[in-house]
Amino acid sequence: MIEQVATAFERKDYHTAAKLLKQLLKESPENPWVQFYLGRLHEVSKKLQDAEKIYRQLLQSTTNTKILAQARQGLQRLKEIEQEARQRAIAQATTEPSNTELGVLVLEPLSNELKAQAAPKFAQILQIDAYTARLTLPSRGWKLYRTGQIGELKFYGTQLQKAGIPCFWATIAAIGQIQVFQVNYFVESAATTTVVCSNQANQVGSLTFNWSEVKARVTGLLPIFEQVVDVDAHRKLERKTQTQDYAQFCDLHLPGRRSILRLSDKGYEFHKGLEITPQTSQNTIRINWNLLGEWLEQQLPQVKVWSDFTPFAQTILDQTEMLGNIQSHIHLFRRDKTNWDPAFHLYSGLVFSNLTQKTDGDN
C-alpha cells in the first residue's frame with residue numbers, strides 16, 4: 001500500500017494519498033515510511049510546523065538512508081518556503097515610503113530562565129543558531145539589536161513579541177521630533193511648576209507644567225575629554241585624549257506635550273530661582289546636583305528612573321553612521337565631536353518612544 005501512496009503523491013492526487021494514509025496509520029502508525037508520507041501530506045496541506053516536526057523526528061528515530069535523505073530534503077523545502085514567505089512579507093512591509101525610514105529595534109532584558117525558553121524562538125525568527133541567540137538576548141539592560149528600514153524592523157519585532165520576547169522599535173525621525181528644552185532653573189513649585197528654559201532655537205522663556213505630566217526620569221553621565229601630555233614607554237612626550245570629568249544629565253519626560261525637559265549640572269543655574277539647595281560657600285556643583293536630584297525625587301516619588309545609559313551606550317558607540325543622524329541637544333564645550341552625546345539622546349528618546357508605544361497600546 002506504501003507504493004500506492006507514493007504513486008498518488010507522484011500524480012499529486014493528495015485526496016487518494018490521504019485516504020490510504022488514514023488506513024495505514026491505523027495498521028502500522030510507527031512505520032517510518034507511513035510517518036514520512038504523513039509529513040509530506042502536512043507539507044502540501046501547508047501545515048508546515050506539523051511537517052517539520054515529523055521530518056525532525058524521523059532524523060532521530062530511523063536509520064533507513066532513503067528516508068533520512070527524503071526527510072532532509074523535506075526540511076530544506078520547508079526552509080525555502082519560509083524564506084520566500086519572509087521575503088514577501090518584508091517586501092510588503094516596506095512598500096509604504098514611511099516604512100523605509102531609518103529605525104532601530106531594541107531588545108528588552110529577560111531572566112536567565114526565560115532566556116533559555118526564548119532562545120530557540122529567537123533563533124528561528126531571526127534565522128540564527130540557538131547558541132548565538134542565547135548570547136544575543138540581554139539579561140540586564142536594553143540592547144540595540146538592529147538598525148535598518150522601520151518596516152522590516154517592525155515585521156521582526158511583531159514576530160518576537162508574539163513569541164513572548166520583549167522588544168520595541170522606533171524611527172530616528174520620531175526621536176528627532178521630540179522637543180527638548182534646556183532647563184536653566186525652577187522658578188516655583190506647587191500644584192503647577194514653572195521652569196525658565198531655552199528651546200531648540202536657544203530662545204529663553206518659561207514653561208509651566210504639572211508634576212503629574214512627568215512620566216519618566218532618565219539620568220546619565222557623559223564623559224568630558226581633555227588633551228593631556230603623557231610620557232610613553234620610550235620616555236617620549238605624547239598627546240592623549242583622556243576622560244577628565246563627567247557631566248551629569250537628567251531628562252524629565254512629558255509625553256503629553258511630546259517634550260523633554262533636560263537638566264545638567266553644567267547648565268543648571270543653582271543660584272537663581274527657587275531655592276532648592278542652600279547657597280553656602282562650601283557647596284560644590286556635585287553637592288548642589290545631588291540635592292537637586294533628592295528634591296526631584298520628592299516631587300516625583302512614583303516616577304521610574306531610567307539609569308542604564310552607560311552600558312547601553314557602550315554597545316552602540318561604534319555605530320557612527322546611525323548616531324550621525326541624531327541631533328544630540330547636548331550643549332557641552334567639546335573640542336571634538338563624540339558619539340556619547342547622540343547616544344544619550346537616543347537612549348532618552350527610546351525611553352520616551354517606548355513609553356509612548358505602551359501608552360498608545362493601552363488606549
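## A tour from His329 to a three-stranded sheet

In this predicted model, begin by selecting His329, which is found in the loop between α12 (320–323) and α13 (340–362). With the backbone displayed, note that phi of His329 is near 55°, a positive value in a residue other than glycine. Most residues other than glycine have a negative phi. His329 has a relative accessibility of 7% and therefore counts as buried, the cut-off being under 20%.

Select next Arg258, in the loop between β8 (237–254) and β9 (259–264), where phi is again positive in a residue other than glycine, with a value near 50°. Is Arg258 buried or exposed? Its relative accessibility is 32%, so Arg258 counts as partly exposed.

Move then to strand β5 (residues 192–198) and pick Ser198, which belongs to this strand. Ser198 is buried, its relative accessible area being 7%, and if residues up to four places away in sequence are left aside, Ser198 touches Val180, Phe181, Gln182, Asn184, Gln203 and Val204.

Finally, select the open sheet that 3 strands form in the order β2-β1-β3, with antiparallel pairing. The edge strands, each pairing on one side only, are β2 (143–149) and β3 (167–171), and neighbouring strands of this sheet are turned against each other by 20° on average, direction ignored. Between β1 (residues 102–107) and β2 the antiparallel pairing extends over 6 bridges, and Leu107 can be found opposite Lys143 in β2. Adding helix α8 (residues 150–162) to the selection shows a helix that lies across β1, β2 and β3 and runs at about 165° to β3.

Notes: Residues are numbered from 1 along each chain as its sequence is written. This is a predicted model: local features need pLDDT of at least 70, side-chain atom pairs count only at pLDDT 80 or more; totals for chains, interfaces and linings use all residues. Side-chain values use heavy atoms; hydrogens and water are left out. Two strands pair if DSSP finds at least two bridges between them. Helices (H or I, at least four residues) and strands (E, at least two) are DSSP runs, numbered from the N terminus. Axes are lines fitted to C-alpha atoms, for helices over the stretch in contact, and angles run from 0 to 180 degrees between N-to-C directions. Contact means heavy atoms within 4.5 Å. Buried means under 20% relative accessible area, exposed over 50%, partly exposed in between (1.4 Å probe, protein chains only).
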